[in-house]
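Student: I am new to this structure and would like a close look at a single part of it. Please take one residue, describe its surroundings, and then place it within the rest of the chain.

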Amino acid sequence: MTVPAPTDKTDLDQSSEPTARAVAPSPPHPRLIGLLATACGLIAACLYYCQPLLPRIAASYGASSSAAGALVTTTQVGYTLGLLLIVPLGDIVARRRLIGILLGAAGTGMLLSGAAPSLWVLLAGGLAVGAGAVVVQILMPYAASVVPADQRGRAMGTLLTGLLIGILCSRTAAGLVGGAFGWRSVFLAAAGTLAAVALLLVRVLPPSPPDVSLRYGAQLAATLRLAATEPVLRRRSLIGACCFAAFSVFWATSAFLLAGPHYGWGASAIGLFALVGAAGAIAAKATGRLADRGRQEVATGVLLSLGVIAFAAMWPGGRSLAWLVTGVLVMDVAVHGVHLLNMSVVYDLPDHPRARIASVYMTSYYLGGAAGSALGVTAYRFGGWGAVPATGAALLGLGLVAWAVSLRRRT
């Protein structure tokens, strides 16, 4: 049922919650959660297909590597703008229709990229892909809304596992397909995949009315007020930003270390090293079970502490592959585990539509990742490898302090 638009600002935040949230949802068919997890993985992969193809793209257009690398930047810009401006629509328009439109935009962007006659057209396609790919942040709140509270953690864990597997496999798949059939074939195949996903989801997902009856401007204003007034969301957003920043500190600089004089690895070996991150995907479901048992606070502190220890293990990883792999395994489990716990906490906040929550939390999360990439490259440039794990540990330490302060206040 659609809630009538309130006229008073005070009533806005109290009245905008959908009536359906007051009733415990029936468990969805397990295949629906599996389908949503698969869709999240296939959609998220589209953000990363271009990365191993950049040298081929640059050669085909006769452009510099930095010019071709702008495709990564434009895709990220499109995604960030989508988090800010598109995700809040998930509360005020019919969700199934919005999912179809966003998948159509991402598929069109992929098709445009695959047929791009010039680099500028390719960049425009990347912008559309990034903006459309935020549909993942519509699907995750949707999954949280259709499962009972005691199963929400496991459902989020399943979707996060699908998301991470899609990201992990994207670079390998793009490299293999692009090497065999050319880089354009990767984008064209992805366009077809997104079209199939869109048709399937629009057909399978049940129709749902908007959660709240608001105009777009009022929804954006309510999202900003939520960010300013909800302390749990602010703290969890800060913790998430610190985690993704620390994660990005490592992955933005690991290639420099592995290609350096001590390891001397080639591009293929460095790409395969990214598969170490599968540990985070495997551990996601176990973390989801902890969330379902109401142990989010304790588990968050434990995982943040493990993350700090993981970066300490990476310091000798500058010369020891065993230490490096150990540190990466533990870091991935810690970062992705905390991210899952954060989502289970914020999506369970009462009296707030979930698309607003997703917009606030995920924008903070990705801004943290962008800041972490910049900090990591700067640390490596001026301090060598030793400065990288120190920076990552400091960022997770900041998240641990935020967690401890919130826990003390609650106690």
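Tutor: Take S359, which sits in helix α17, the stretch covering residues 354-383. The model is predicted, so all that follows describes computed coordinates. Is S359 buried or exposed? With a relative accessible area of 4%, S359 is buried, because buried means under 20%.

Next come the neighbours of S359. Leaving aside residues up to four places away in sequence, S359 touches L83, L84, V87, P88 and T223. One of these also appears in a polar approach: a polar atom of the S359 side chain lies 2.8 Å from the backbone oxygen of L83.

A little further along the chain from P88 is G90. The loop between α4 (65-85) and α5 (95-114) holds G90. Its relative accessible area is 5%, so G90 is buried. Where does the chain come back to G90? The C-alpha atom of P353, 263 residues away along the chain, is 8.9 Å from the C-alpha atom of G90. G90 also touches A355, along with R95, L98 and I138, when residues up to four places away in sequence are not counted. A355 falls within the residue range of α17, the helix that also holds S359.

L84, a contact of S359, has a second role. Together with V77, L81, L85, L127 and Y216, L84 makes a nonpolar surface patch of about 480 Å². Helix α4 gives the largest share of this patch, four residues. L127 belongs to helix α6, residues 119-132. L127 has a relative accessible area of 38%, so this residue is partly exposed. Helix α4 also contains A70, which is partly exposed at a relative accessible area of 24%. A70 and L123 are 53 residues apart in sequence, yet 7.4 Å separates them in space, C-alpha to C-alpha.

The patch is on the surface; the nonpolar interior is a separate matter. In soluble globular proteins, nonpolar side chains tend to be buried together. Here the largest nonpolar core has 113 residues, and those with the most contacts inside it are L36, I43, I57, L103, M110, L201 and F250. Helix α2 (residues 30-45) supplies the largest share of this core, ten residues.

I43 can serve as an example from that core. I43 is found in helix α2 and counts as buried, at 1% relative accessibility. What does I43 touch, apart from residues up to four places away in sequence? The contacts are L103, A133, V135, V136, L139 and L194. For one of them, V136, the C-alpha atom is 7.1 Å from that of I43, although the two residues are 93 apart along the chain.

Helix α17 has another set of contacts to consider. T253 lies in the loop between α11 and α12 (254-259), and its relative accessible area is 0%, so T253 is buried. With residues up to four places away in sequence left out, T253 touches G376, V377, Y380, W385 and V388. Among them, G376, V377 and Y380 fall within the range of α17, residues 354-383.

Charged side chains give a further link. Side chains of opposite charge can pair when their charged atoms come close. How many salt bridges does the structure hold? The structure holds one. E297 forms this salt bridge with R236, and their closest N and O atoms are 3.2 Å apart. E297 lies in helix α15 (residues 296-314) and R236 in helix α11 (residues 231-251), so the pair ties together parts that are 61 residues apart in sequence. E297 counts as buried at 16% relative accessibility, and R236 counts as buried at 3%.

Finally, the whole chain. The chain has 18 helices and zero strands. Of its 411 residues, 52% are buried. Among contacts with a separation of 6 or more, 83% are between residues 24 or more positions apart. The accessible surface of the chain comes to about 17,600 Å², and carbon and sulfur atoms account for 67% of that. To return to the starting point, S359 is one of the buried residues, with contacts to L83, L84, V87, P88 and T223.

Note on methods
Residues are numbered from 1 along each chain as its sequence is written. This is a predicted model: local features need pLDDT of at least 70, side-chain atom pairs count only at pLDDT 80 or more; totals for chains, interfaces and linings use all residues. Side-chain values use heavy atoms; hydrogens and water are left out. Helices (H or I, at least four residues) and strands (E, at least two) are DSSP runs, numbered from the N terminus. Buried means under 20% relative accessible area, exposed over 50%, partly exposed in between (1.4 Å probe, protein chains only). A polar contact is a pair of N or O atoms within 3.5 Å; within protein, one must be able to donate a hydrogen and the other to accept it, and residues adjacent in sequence count only if both atoms are side-chain atoms. Contact means heavy atoms within 4.5 Å. Patches are made of residues with over 30% relative accessible area and no salt bridge: like charges are joined within 9 Å, nonpolar side chains (Val, Leu, Ile, Met, Phe, Trp, Tyr) within 5 Å. Accessible areas come from the Shrake-Rupley method with a 1.4 Å probe; for residues, only the protein chains shown count as cover. A salt bridge is a side-chain nitrogen of Lys or Arg within 4 Å of a carboxyl oxygen of Asp or Glu. A nonpolar core is a set of buried Ala, Val, Leu, Ile, Met, Phe, Trp, Tyr and Cys residues joined through side-chain atoms within 4.5 Å.
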